[in-house]
Amino acid sequence: MARQISSEDRTRVPVVTVLASMAGLWLCYFLLTTVRASVVGFEPQGEMLWRRGVVTLVGIGMTVLLWAILRLFDDRALWVKILAAVLVAIPISIPIAQTNQWIFADIQRQVEKNFGEERGINIRRDEAGNLLVDIPPERFHDLTGLGVSDEVAAGTPTTVMIAPAPSKVDQWLQVVDIALGRYFLLLAWASLYFAMLAGAQARAAERREERFRSAAKAAELRSLRYQVNPHFLFNTLNSLSALVMTGKAERAETMIQTISTFYRHSLADDPTGDVALTDEFELQRQYLAIEAVRFPDRLSAVFDLPDDLAEARVPGMILQPLVENSVKYAVAPHKAPVTIRIAAREDYGRLAITVEDNGPGASHACDSGFGIGLANVRDRLQARFGNEATVTSGPVDGGYLTEIRIPLVNHG
């Protein structure tokens with residue numbers, strides 16, 4: 001079943017733009033015909049100007065009617081639009097031509113009269129519409145070829161019919177001749193309209209594509225963000241269960257309160273949005289406080305955040321998988337104390353954030369699939385920043401270090 005296109009889905013050329021194109025086209029017609037009449041020497045120019053202005057206004061009005069009809073074909077194939085313009089412009093051009101013929105009829109008679117006066121003869125039309133010329137005797141030399149006798153020519157003015165009155169067919173042929181010029185003018189505007197419509201539709205398609213990309217990107221970020229929470233919740237519930245089972249109720253209560261604070265802060269943010277770096281550090285401080293309940297004698301944390309980077313923007317919970325991996329692979333499997341250090345610095349206009357531990361779990365981490373959390377971070381940064389974000393991770397002297405580099409974007 002074909003999808004019905006609602007009025008909200010249709011792409012339209014702005015009305016102001018359409019009207020401006022009509023006015024511009026017919027203004028060009030007005031100016032060109034005026035210049036041509038001046039060059040040819042048609043008289044009187046003043047009388048012709050206002051009549052030409054009336055024809056221009058009628059032309060604009062009929063072009064509006066053409067546009068109202070062509071709008072019905074905005075969503076059709078190009079060949080349908082062209083066929084509609086070719087056919088609809090025919091009847092639309094007739095009223096323009098009729099107006100032109102009617103309003104310039106008396107000008108034609110005036111031109112005929114002036115032509116005769118310049119040559120000392122009288123040119124007129126009789127009641128039937130025949131075009132006649134009255135030639136005085138002093139201007140009459142040889143009219144025998146026109147069927148006038150020498151006797152008549154010698155003493156009286158002679159009236160000669162130059163052209164018979166136009167028949168209905170002749171009048172319609174004159175209208176058609178004028179209409180042809182207006183017809184191609186209307187087709188020229190229709191071509192301009194189709195070009196503007198194609199441009200508007202292309203821009204609308206780009207906007208829709210951008211919205212679709214944004215929606216897909218937001219969905220991807222949301223999915224990756226939510227991969228973090230279940231993993232962390234699973235680990236913290238296991239830790240809480242261990243505390244309860246070993247009778248450490250006070251520490252379990254502290255852990256519950258800390259977990260509540262952590263989730264209240266983390267879930268309050270938009271999962272696809274950025275947060276201030278100071279808030280991200282605070283979340284990791286709360287997370288490590290939760291883990292410190294499990295490992296009170298083995299886990300310590302150091303945070304290094306310069307004041308001028310506190311409001312730098314980063315994806316929410318982007319550090320969570322990295323810090324969690326340090327706890328999982330450097331702290332949990334071993335008895336030795338471990339320090340986890342989270343630091344930020346500006347490096348040549350970019351934001352560099354490091355998560356480092358001095359635990360002995362680096363080789364074990366690689367064997368146990370450390371890449372799962374790291375892959376999450378890489379995917380989120382790729383979705384957010386594209387190729388402008390980098391992640392490096394590996395063993396260092398005395399521990400393990402992961403560094404992310406992203407564009408430095410300050411708050412606001």
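# A walk through the structure, starting at a pair of rings

Let's begin with two aromatic residues, W189 and Y193, both of which are buried. One thing to keep in mind as you look around: this is a predicted model. The two residues belong to helix α6, where they sit four residues apart, or about one turn of the helix. Their rings make a stacked aromatic pair, with 5.4 Å between the centres and 15° between the planes. F194 joins in too, giving a single aromatic cluster of W189, Y193 and F194.

Stay with Y193 for a moment and look at what comes up against it from the start of the chain. V13 lies in the segment ahead of α1 (15–40), and Y193 is one of the residues it touches, along with V18, M196 and L197, if you leave out residues up to four places away in sequence. V13 has a relative accessibility of 8%, under the 20% cut-off, so it counts as buried. The C-alpha atoms of V13 and A198 are 9.1 Å apart, although 185 residues separate them in sequence.

How many aromatic pairs does a search of the whole structure find? The count is five. Another of them is Y183 with F184: the ring centres are 5.3 Å apart and the planes meet at 75°, which is over 60°, so this pair is edge-to-face. These two residues differ in how covered they are. Y183 is at 12% relative accessibility and therefore counts as buried, whereas F184, at 53%, is over the 50% cut-off and so counts as exposed.

Now step back to the whole chain. You'll find 11 helices and 10 strands in it. Of its 412 residues, 40% are buried. Take the contacts between residues at least 6 apart in sequence, and 73% of them turn out to join residues at least 24 apart.

Next, the sheet. Five strands make up an open sheet with mixed pairing, in the order β5-β7-β8-β10-β9. Which strands stand at the edges? They are β5 (299–304) and β9 (390–396); each has a single partner strand, so one side of each has no neighbour in the sheet. From one strand to the next, the twist averages 15°.

Within that order, β8 is a good strand to follow. On one side, β7 and β8 pair in the antiparallel sense over eight bridges, and on the other, β8 and β10 are also antiparallel, again over eight bridges. T354 lets you trace a path across: in β8, T354 is the bridge partner of A343, and T354 also stands opposite E403 in β10. Nearby in the numbering, V355 stands opposite T402 in β10. In a regular strand, side chains alternate between the two faces of the sheet. As for cover, β8 is mostly out of reach of solvent-sized probes, with six of its eight residues buried. The hairpin that joins β7 and β8 has two residues between the strands, and Y348 there takes a positive phi near 55°.

What packs on this sheet? Helix α8 lies across β5, β7 and β8, and its direction is at about 170° to that of β5. Helix α9 packs on the sheet as well, touching β5, β7, β8 and β10, with about 150° between its direction and that of β7. One side-chain detail involving a ring is worth finding: the charged end of R285 sits over the ring of F303, 4.3 Å from the ring centre.

That brings us to the largest nonpolar core, which has 43 residues; L277, L319, I340, L351, I353, L381 and I404 touch the most other members. At least two core residues come from each of α6 (168–245), α7 (249–266), α8 (277–294), α9 (320–331), β7 (338–347), β8 (350–357), α11 (371–385) and β10 (399–407). Helix α8 gives the most, with seven residues. To see one of the well-connected members up close, pick L381: setting aside residues up to four places away in sequence, it touches P315, I318, G386, A389, V391, I404 and I406.

There is also a second, separate core of 30 residues, including M22, M48, V55 and W189. And W189 takes us back to where we started, since it is the buried partner of Y193 in that aromatic pair.

Technical notes:
Residues are numbered from 1 along each chain as its sequence is written. This is a predicted model: local features need pLDDT of at least 70, side-chain atom pairs count only at pLDDT 80 or more; totals for chains, interfaces and linings use all residues. Side-chain values use heavy atoms; hydrogens and water are left out. A nonpolar core is a set of buried Ala, Val, Leu, Ile, Met, Phe, Trp, Tyr and Cys residues joined through side-chain atoms within 4.5 Å. Buried means under 20% relative accessible area, exposed over 50%, partly exposed in between (1.4 Å probe, protein chains only). Contact means heavy atoms within 4.5 Å. Rings of Phe, Tyr and Trp (its six-membered ring) pair if their centres lie within 6.5 Å; planes under 30 degrees apart count as stacked, over 60 as edge-to-face and the rest as tilted. A charge sits over a ring if NZ of Lys or CZ of Arg is within 6 Å of the ring centre and within 35 degrees of the ring normal. Two strands pair if DSSP finds at least two bridges between them. Axes are lines fitted to C-alpha atoms, for helices over the stretch in contact, and angles run from 0 to 180 degrees between N-to-C directions.
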